[in-house]
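Reader: I should like to examine this structure term by term. For each description, please explain on what grounds it is applied.

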Amino acid sequence: MATVVIQSLRQVTEKIRPPRALVVPFRHGYPLDTPDDPDRQHAVIEAALKMLEDTDLQPPAIVDYVPK
Amino acid sequence: MGELREFPLKYRLFLKIYPWRRSGSVPWTPLQKPLKDSRLVLISTAGLILPDQEPFDKSIRGGDCSFREIPSDVDASALIDTHRSDLFDHFGVRQDPNLTFPIDRVQELEKKGRIGSVNRRHLSFMGSITTPKRLVKKTLPGVAHLLKTDAVDAALLIPV
């Protein structure tokens, strides 16, 4: 099973080294950006899904999410 | 970005000396089929439960390592935030549980054909577990069996 994790604490991500991690620039407790904003939540999820599809990534893959 | 320096001093000191678990090599499983044909599961540590589910036991030292199954057809607004941590603002998840358990969003992705299907059940854990050894040894084998039984292809994990 392929996994991807959405993380808000890069320092923790670098210590744990999950296979794929999308590091988001949002405050702790807000991993999908904004409540009641499906578009912004979809944007984060889509970035995570793209990591699952990216065959060039090598473990541990840590990608910074940049909101549009 | 969330920064450890945002945390109160006692937590920063705890995290500074915390013995983070890490394996020698990073496990890596490629996606076995296109996402449009894959089954996705959500795994969240937001401590969300349904009204009729047993609450997580906050008295367990190191954290309650059990999990709750959340059915795929759940009404997200029915989910209750029981996360034990006071390290983050709970307002967002209480306003919209999709913020940490995006069940409505992945249902929409299934309808659009972006993913093959949403698994029939999802897993909700308590966060801030400080005894991961117990979690790994006692809980995760059952989780692996459950996900294998469900023929899940991919997991979206949202730790809180």
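Reader: What makes a residue of chain A count as buried, and what percentage of the 68 residues does so?

Author: The model is a predicted one. A residue is called buried if 20 or more other C-beta atoms lie within 10 Å of its own. Of the 68 residues in chain A, 40% count as buried.

Reader: Why is chain A called as compact as a globular protein of that length?

Author: Chain A contains two helices and three strands, in the order β-α-β-α-β along the sequence. Its radius of gyration is 12 Å, and the globule rule gives 11 Å for 68 residues; the two values are close, so chain A is as compact as a globular protein of that length. The C-alpha trace of chain A spans about 35 × 25 × 20 Å along its principal axes.

Reader: What share of the contacts in chain A joins residues at least 24 apart?

Author: A contact requires C-beta atoms within 7 Å. Taking the contacts in chain A between residues at least 6 apart in sequence, 49% join residues at least 24 apart.

Reader: How many residues does each chain bring to the contact between chain A and chain B?

Author: Chain B contributes 36 residues and chain A contributes 36 residues. On the side of chain B that touches chain A, helix 2 (91-95) and strand 7 (154-158) each supply at least two residues. Strand 7 of chain B gives the most, with five residues. By residue class, that side of chain B divides into 23 nonpolar, seven polar and six charged.

Reader: What makes strand 1 of chain A and strand 7 of chain B a pair?

Author: Two strands pair if at least two bridges are found between them. Four bridges join strand 1 (residues 2-7) of chain A to strand 7 of chain B, and therefore the criterion is met. These two strands run parallel. One of the bridge partners is B:Ala154, which stands against A:Ala2.

Reader: Why is strand 6 of chain B described as mostly covered?

Author: Four of the five residues of strand 6 (residues 121-125) of chain B are buried.

Reader: Which strands of chain B pair with strand 6, and in what sense, parallel or antiparallel?

Author: Strand 1 (residues 39-44) of chain B pairs with strand 6 in the parallel sense over two bridges, and B:Ser44 has B:Ser124 as its bridge partner there. Strand 3 (residues 67-71) of chain B runs antiparallel to strand 6 and is joined to it by five bridges. In this second pairing, B:Ile70 stands opposite B:His122.

Technical notes. Residues numbered from 1 in each chain as written. Chains lettered and ligands numbered in written order. Predicted model: local features only at pLDDT ≥ 70, side-chain atom pairs only at ≥ 80, totals over all residues. Rg over C-alpha atoms; globule rule 2.2 N^0.38 Å. Buried ≥ 20, exposed ≤ 12 C-beta atoms within 10 Å, placed from the backbone. Contact = placed C-beta atoms within 7 Å. Nonpolar A, V, L, I, M, F, W, Y, C, P; charged D, E, K, R; others polar.
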